[in-house]
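This report looks at a predicted model. It takes up burial, the metal site and the aromatic pairs in turn.

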Amino acid sequence: MNNVIELIKKANTIAILAHENEDADAAGSSFAMRHALLMMGKDVACWFSNKLENHLSFMEKNYNIFDENLVPSVDLCLCLDCGDVKRIGKRIAIFEKAKSTVSIDHHVTNTNFADANFVDGDAAATGEILYNLFEKMEIPITKEIAENLYTAISADTGSFKYRNVRPNTLEIAAKLIATGIDFPEIARLLYDSEPTNVMRFKAEVMKNVEEYFDGTLTIVTADNSILKEYNLDERETGDIVNIARLVNTCKVAVSIREALDKVKISFRSNCDISVSGIAQKFGGGGHDKAAGAAQKGRTIDEVKKEIIEVLGEILNG
Ligand SMILES: [Mn+2]
């Protein structure tokens, strides 16, 4: 962690990047880091790949959307919640132009792609690592920082329900709550607040859950036609894998979704089978219990057939 701190201290201009299609951990960690660096007097900006998805529109909006014609030139490119440099997409231009690079992340499959890397695969969220980093750097945990870190950690732990929760995760959450943040409202906005079109779409997905191998493998899919029918942006379908995971016999849940020119796959494990290695077989990565991949030039049915084959060997073996 010390070499990371040194590079941060040395830099004057800093660009914060997180993985493409920023989720709540990526965005919350980025905003918290921005507030911390502003307090240190840095010239800092968050560069996102996209506008935050609708579901996260309650979060702050202190970010720029990357434009490849205007690549900022900075002392330090700080990558958060990003297991692989490929996951920053076109913003690789910022990374390559920067004088130095740092990566702070919690993906077990992290490739240590930056000049200085701090990777803790046991941390539940990048937000959790940042809390420890800020404490070490003696950065005060303001309400703004606390709200963002709490949102990040809550989201990556499924509201503190997943196995990635450690005693330290809850200790950090306790300290964040102690700053006076409205944590029940954060939880409501993250988990209990949905537009009716998304709700009805999910009801349809739920009706069509497929079961294989005595229900130990469950699969849900969403193609472009259903997105159109319910007037949805692809990113609003990102968590349907959690519908497949609800089946009581499920050991591994998979969602396969059409997203522009790609088919996106998400894996969740309800048992001791690690899905990060399975996701790597499909060109992706992630965590033991939650991982993902994307495939170009293939249909949902082709991908599904291969997933059933690969998982059949594991689940029947
Ligand atoms: Mn994360």
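## An enclosed helix

Helix α4, which covers residues 126-136, has eight of its eleven residues buried, so it is largely enclosed by the rest of the structure. The buried positions are Thr 126, Gly 127, Glu 128, Ile 129, Leu 130 and Tyr 131, together with Leu 133 and Phe 134. Just after α4, the backbone at Glu 138 adopts a positive phi of about 60 degrees.

## The manganese site

In this predicted model, the manganese ion has as its protein donors Asp 25 (OD), Asp 81 (OD), His 106 (NE2) and Asp 156 (OD), which lie 2.1 to 2.3 Å from the ion. Along the sequence, the spacing of these donor residues follows the pattern D-x55-D-x24-H-x49-D.

Asp 25 belongs to helix α2 and Asp 156 to helix α5 (residues 143-156), so this pair of donors ties together parts of the chain that are 131 residues apart in sequence. Asp 25 counts as buried, with a relative accessibility of 0%. Asp 156 is likewise buried because its relative accessible area of 18% falls under the 20% cut-off.

## Aromatic pairs between distant parts of the chain

The count of aromatic pairs in the model comes to nine. One of them joins Phe 31 and Phe 48, whose ring centres are 5.5 Å apart and whose planes meet at 35 degrees, so the pair is classed as tilted. This pair links distant parts of the chain, with Phe 31 in helix α2 (residues 24-39) and Phe 48 in strand β2 (residues 43-48), 17 residues apart. Both Phe 31 and Phe 48 are buried.

Phe 201 and Tyr 230 form another aromatic pair, which is edge-to-face, with 6.1 Å from centre to centre and 65 degrees between the planes. Here too distant parts of the chain are linked, since Phe 201 sits in helix α8 (residues 196-207) whereas Tyr 230 lies in the loop between α9 (224-229) and α10 (241-244), 29 residues away. Phe 201 is buried, with a relative accessible area of 0%, and Tyr 230 is also buried, with a value of 15%.

## A ring cluster

Ring pairs also link Phe 31 and Phe 48 with Tyr 63 into a cluster. Helix α2 therefore contributes both Phe 31, a member of the tilted pair with Phe 48, and the manganese donor Asp 25.

Notes
Residues numbered from 1 in each chain as written. Predicted model: local features only at pLDDT ≥ 70, side-chain atom pairs only at ≥ 80, totals over all residues. Heavy atoms only, no water. Phe/Tyr/Trp six-rings, centres within 6.5 Å; stacked < 30°, edge-to-face > 60°. Helix = DSSP H or I, 4+ residues; strand = E, 2+ residues; numbered from the N terminus. Buried < 20%, exposed > 50% of the residue type's maximum accessible area, 1.4 Å probe, protein only. Donors = N, O, S within 2.8 Å, 3.2 Å for Na, K, Ca; no water.
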